[in-house]
Amino acid sequence: MVELMVVKDYAQQIAEAIATVVKIDIEIADHNLMRIAGTGKYHKGVGQSMDRQGYVYQEVLRTGHQFVIETPGHHPLCTPCKARGNCTEKYEVVSPINVDGKAVGAIGLICFTEVQAKLIIENQHSYLTFLTKMAETIALKLKEQEFLAGLVSANHYLNSIIDCLDEGLLTADLEGNILHFNQVAQRLFSANLLTPRRSLHSLFPSQIVADILNVAENEDEVVEREVHVETKKNRVQMVLRALPIHGEDGMKSIAVILRPFDEISRIVNRLTIRDVGHTIEDFLGDSESMCQIRERAKVVAASKSTVLIRGESGTGKEMLARSIHNLSPRQKGVFMAINCTAIPESLLESELFGYEDGAFTGARKGGKIGKIELANRGTLFLDEIGDMPLFLQAKILRVLQERQIERIGGITPTSVDVRVIAATHRNLEQMMAKGEFREDLYYRINVIPMYIKPLRDRKEDLAPLCENFIQIYNQQLNKDVRFLSDGFLQRLREYPWPGNVRELQNVIEYAMNLTENSTLTEEHLSPRLRQIELSDELEGFNLETIERETILRCVQTAEDSVRGKEKVAKALGIGVATLYRKLARYNIR
């Protein structure tokens, strides 16, 4: 509730107007019996308390009703007054100032002569009505002030909300003149560019402004464009979104929202944090090689240098890369993983580098940002870099050397700050000798080499890995497995694990689905582990022979279809692309 004191100047004007018309003194008090207005002898008392003499006012404020005192100094309400029996007042009328049914003040008309008293007595109804109307006028003024204060408060609150946004926000009229902007937008642009009534043309290229104003013609359309904004400090790449603002009688203005690509990347990273939340302690194993990898990862994480992780499929190369990222100063940035084998060669370049609007037939309107740009201030993981085409190897080399990228169809290079972690299962040295991999790129990515041994060469890691997978699937499958039989463990130790840790995880998941008790036994193993007498049948086989025989047996038991190949890949713990590559390598049909 707004206090009556807020409208004291207006109340004084009302009091003086009444006194001028009726030739009788007026005083006005608020709910604390503070005199806020007065005429005649009361004018000097404005701002003073009336609590020792305003007994009639107290009753009016208490009851909310009008009072007429015909015999001041003798009326029962005057009993506490020191001037009782010797009062100078001859007649008094006091009306409440009511707001929403509550008395917030009172206005009094006081006579000091018999002539004034007689005038009121003869026209009492008119004077009482007039005083009531004046009280209502003051109450309306108070309501108006309360409404305006509410508007100011609401406007301040709304502006505070808008200023809390991460995005830059502009509003413009239908001709493109700027109406309003928040603090983020103000920080983006220089003060001489971003001012009310300035045109959007001072901020954006003509085509972008035309697209924004097109919203006015298609009122339900939302426009999204990629823009480069020249800010106070540098050139920032942003996503612009324009949408209509409707009033009661149609579209009134256009909202323009600006969000930097860096911020979009951070949001993507936050929303996918479960997928990249590995720590180096999640990289399990008690073997000496695994302990060394964990220690080295902690050291190299602080560096900006490129890392090359080598190892067979399924050993955990991507998990190690994610762990290094999450240990590094870039952990709040994006971890962007690209599998150079899984993406068709014709699409890989646009996925990595993006493209400009109209760069080629079928290109998305407005262009597309590439994964390298999305990884700005974060980490780019190039998985299976050995399968990257030679022409793309040259472009990746430029990224590493110059820290710049150029989109397909673009003419302006964009600076990027990314740390590259590459991984491969292939022998890059042999590929270089055959001309299949660039030597200069090899030396650029092989700054910090790390090698993950295959699982068959570190069988001591089987136990902690099994324990971890059992804990995971106990929760997921609502099981209570706590033990592994000796026969089960023996089979695991004898098996060559061509799919490495990923294959082991699938074996444990398979067994966990079959068991109904607390112990995994040989009967819970998949057929390829349970039916083959590994120690005899594989004697004298080299590792490639073991891998070929294992894949061949899985293919022979599966249906000859794409779905069947997917099941084989899952059973082996490898990707479908990796499976097809191995099928071609071993000439398996």
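**Nonpolar cores, a surface patch, cysteines and backbone angles**

In this predicted model, the largest nonpolar core comprises 34 residues, and those with the most contacts inside it are Leu352, Ile372, Leu382, Ile396, Phe437 and Ile445. At least two residues of this core are supplied by each of the following elements: strand S12 (335–339), helix H10 (345–353), helix H11 (371–374), strand S15 (379–383), helix H12 (390–402), strand S18 (419–424), helix H13 (428–433) and helix H14 (439–445). Among the contributors to this core, H12 provides the largest share, with 5 residues. The surroundings of Ile396 illustrate how the core is joined, since residues up to four places away in sequence are not counted and Ile396 nevertheless touches Leu352, Phe353, Ile372, Leu382, Met388 and Leu441. A second, separate core of 31 residues is also present, and this second core includes Ala11, Tyr91, Ile97 and Val99. In soluble globular proteins, nonpolar side chains tend to be buried together.

Nonpolar side chains are also found at the surface, where Phe147, Leu148 and Leu151 make a nonpolar patch of about 300 Å². Of these residues, Leu151 is placed in helix H4, which covers residues 124–163. Leu151 has a relative accessible area of 45% and is therefore classed as partly exposed, because this class lies between the limits of 20% for buried and 50% for exposed.

The cysteines were examined next. A search of the whole structure finds 0 disulfides. Cys111 takes part in no disulfide, and the nearest cysteine sulfur, which belongs to Cys87, lies 12 Å away, whereas a disulfide would require the two sulfur atoms to be within 2.5 Å. With a relative accessibility of 0%, Cys111 counts as buried. Cys466 is likewise in no disulfide, the nearest cysteine sulfur being that of Cys291 at a distance of 17 Å. Cys466 also counts as buried, as its relative accessibility is 0%.

Finally, positive phi angles were considered in residues other than glycine. For Arg403, which is not a glycine, phi is positive, with a value near 55°. Arg403 is located in the loop between H12 and strand S16 (404–405), and with a relative accessible area of 29% Arg403 is partly exposed. Asn478 has a positive phi of about 55°, although this residue is not a glycine either. The position of Asn478 is in the loop that lies between helix H15 (462–477) and strand S20 (483–484). At 70% relative accessibility, Asn478 counts as exposed, because its value is over the limit of 50% for that class.

Notes:
Residues are numbered from 1 along each chain as its sequence is written. This is a predicted model: local features need pLDDT of at least 70, side-chain atom pairs count only at pLDDT 80 or more; totals for chains, interfaces and linings use all residues. Side-chain values use heavy atoms; hydrogens and water are left out. A nonpolar core is a set of buried Ala, Val, Leu, Ile, Met, Phe, Trp, Tyr and Cys residues joined through side-chain atoms within 4.5 Å. Buried means under 20% relative accessible area, exposed over 50%, partly exposed in between (1.4 Å probe, protein chains only). Helices (H or I, at least four residues) and strands (E, at least two) are DSSP runs, numbered from the N terminus. Contact means heavy atoms within 4.5 Å. Patches are made of residues with over 30% relative accessible area and no salt bridge: like charges are joined within 9 Å, nonpolar side chains (Val, Leu, Ile, Met, Phe, Trp, Tyr) within 5 Å. Accessible areas come from the Shrake-Rupley method with a 1.4 Å probe; for residues, only the protein chains shown count as cover. A salt bridge is a side-chain nitrogen of Lys or Arg within 4 Å of a carboxyl oxygen of Asp or Glu.
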